[in-house]
Amino acid sequence: MQSPAFWWTAPDRPALPARLLAPASALWAMGGRLRELGARPFRPPVPTLCIGNLTAGGAGKTPMVAHLATLLEAQAPHIVLKGHGGRLGRAAPHRVELGADGPEAVGDEALLHAATAPTWVSRDRAAGLRAAAAAGAGALLLDDGMQNPHLDPHARIVMVDAGQGFGNGRLIPAGPLREPVARGLARADLAVLVGAPAARASCRGQWPALEALNAEGRLMEARLRPLETGLPLEGAPVVAFAGIGRPEKFFETLREMGAELRLTEAFPDHHVYPDAVLDRLLRRARAEGALVVTTEKDAVRLPPRFRAEVMALPVRLTPVDAAPLDRVLKRLFSAA
């Protein structure tokens, strides 16, 4: 499901549904505290970075994990995630096999990660971390799990989408927050603010907690930049679709590249596309003489017969100033 619009209103002007759902948010907070009672967090035997966020939905975790896997190549990193939407990893950790496992088995994000580093899907994240360490990982990258009280990673990185920030600042279901902003950022070794320069400046101005992190050297700003695809998009007519945390972020990237968007369609995160929907998009593109473009994450979920007709646009995370991340990594691996 897509998040409700009232989640993303200004914190100082909460919509009526947010106010009405305040008691339910209090129950959510209570549930989180109850989960922590009696928990004995697992500390992995090798340096482990948890890449998470404080809000429901996407905030750039997948490209950040890929960036870290590249930076830590010498440490033989393995990636561990739940494998949203996949059937494997439920009973025991499963190491993803490219070419053998599909999105229905391990989820879309796992397939993207497996092209970068050895990747494990495991509903029990602690078991997945143990399996990866036993298989020879010299570093562990945990995709999500920031709010899991049963895990004790060596460092926590919080991803923040500059275009949305922390929404209306309220907990689920009154807002998008999985936990209070102050509590989450206090546990973070680093926050990564992702977006265009104007969006980053606006987000920092709206959330003083981010400015405080910046003053402490615990904030890194970054952008998502498209890789060279070999197909010029500047001035090209494009039919674009995406089923990610915030599809508009992808559409804006295409606009920045100069694409002429004839149609944009947003779908829920991890959406499974029926053939009828894809046929409709292709017919519209042919009528417009347009390219059909989607994200890498969406492309791995497409049925085989559509993959040759849909262009996947890969993006990579690019730090504005990598010094805050370098300090975290230096501390983590010099102590290992």
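Reader: Where is Arg-90 found, and with which residues does it gather in a patch of positive charge on the surface?

Author: Arg-90 is found in the loop between β2 (77-81) and β3 (94-95). In this predicted model, Arg-90 gathers with Lys-82, Arg-87 and Arg-123 in a patch of positive charge on the surface.

Reader: How should I read charges that do pair, and how many salt bridges does a search of the whole structure find?

Author: The general idea is that side chains of opposite charge can pair when their charged atoms come close. Here, a search of the whole structure finds 28 salt bridges. One of these joins Lys-297 to Glu-109, with the closest N and O atoms 3.2 Å apart. That pair links distant parts of the chain, since Lys-297 belongs to helix α12 (residues 296-299) and Glu-109 to helix α5 (residues 108-114), with the two positions 188 residues apart in the numbering.

Reader: Turning to the backbone, which peptide bond is cis, and what is the phi of Asp-144?

Author: As background, most residues other than glycine have a negative phi, and most peptide bonds are trans. In this structure the peptide bond from Ile-172 to Pro-173 is cis, with omega near 5 degrees, and Pro-173 lies in the loop between β6 (155-161) and α7 (181-186). Asp-144 has a phi near 80 degrees, which is a positive value in a residue other than glycine, and Asp-144 lies in the loop between β5 (139-143) and β6.

Reader: How is empty space read, and how much of it lies in the second largest pocket?

Author: Rolling a probe the size of a water molecule over the atoms shows where empty space is left. The second largest pocket holds about 250 Å³ of space. It is lined by 15 residues, of which Gly-195, Ala-196, Lys-249, Glu-252 and Glu-256 are the closest to its centre. Two or more lining residues come from each of β8 (219-226) and α10 (247-256), and α10 gives the most, with five residues.

Reader: How many cavities of 30 Å³ or more does the structure hold, and which residues line the largest cavity?

Author: The structure holds one cavity of 30 Å³ or more, and about 50 Å³ of space lies in the largest cavity. Among the residues that line the largest cavity are Trp-8, Leu-54, Met-159, Asp-161, Gln-164 and Phe-166.

Definitions and conventions:
Residues are numbered from 1 along each chain as its sequence is written. This is a predicted model: local features need pLDDT of at least 70, side-chain atom pairs count only at pLDDT 80 or more; totals for chains, interfaces and linings use all residues. Side-chain values use heavy atoms; hydrogens and water are left out. Patches are made of residues with over 30% relative accessible area and no salt bridge: like charges are joined within 9 Å, nonpolar side chains (Val, Leu, Ile, Met, Phe, Trp, Tyr) within 5 Å. Accessible areas come from the Shrake-Rupley method with a 1.4 Å probe; for residues, only the protein chains shown count as cover. A salt bridge is a side-chain nitrogen of Lys or Arg within 4 Å of a carboxyl oxygen of Asp or Glu. Lys and Arg count as positive and Asp and Glu as negative; His and the chain ends are not counted. The place of a charge is taken as NZ of Lys, CZ of Arg, CG of Asp or CD of Glu. Helices (H or I, at least four residues) and strands (E, at least two) are DSSP runs, numbered from the N terminus. On a 1 Å grid over the protein atoms alone, a cavity is a set of points where a 1.4 Å probe fits but cannot get out, and a pocket is an open set with protein on both sides within 12 Å along at least five of seven lines; lining residues have an atom within 4 Å of a point. Grid points are joined across faces, edges and corners, and a volume is the space filled by probe spheres set on the points.
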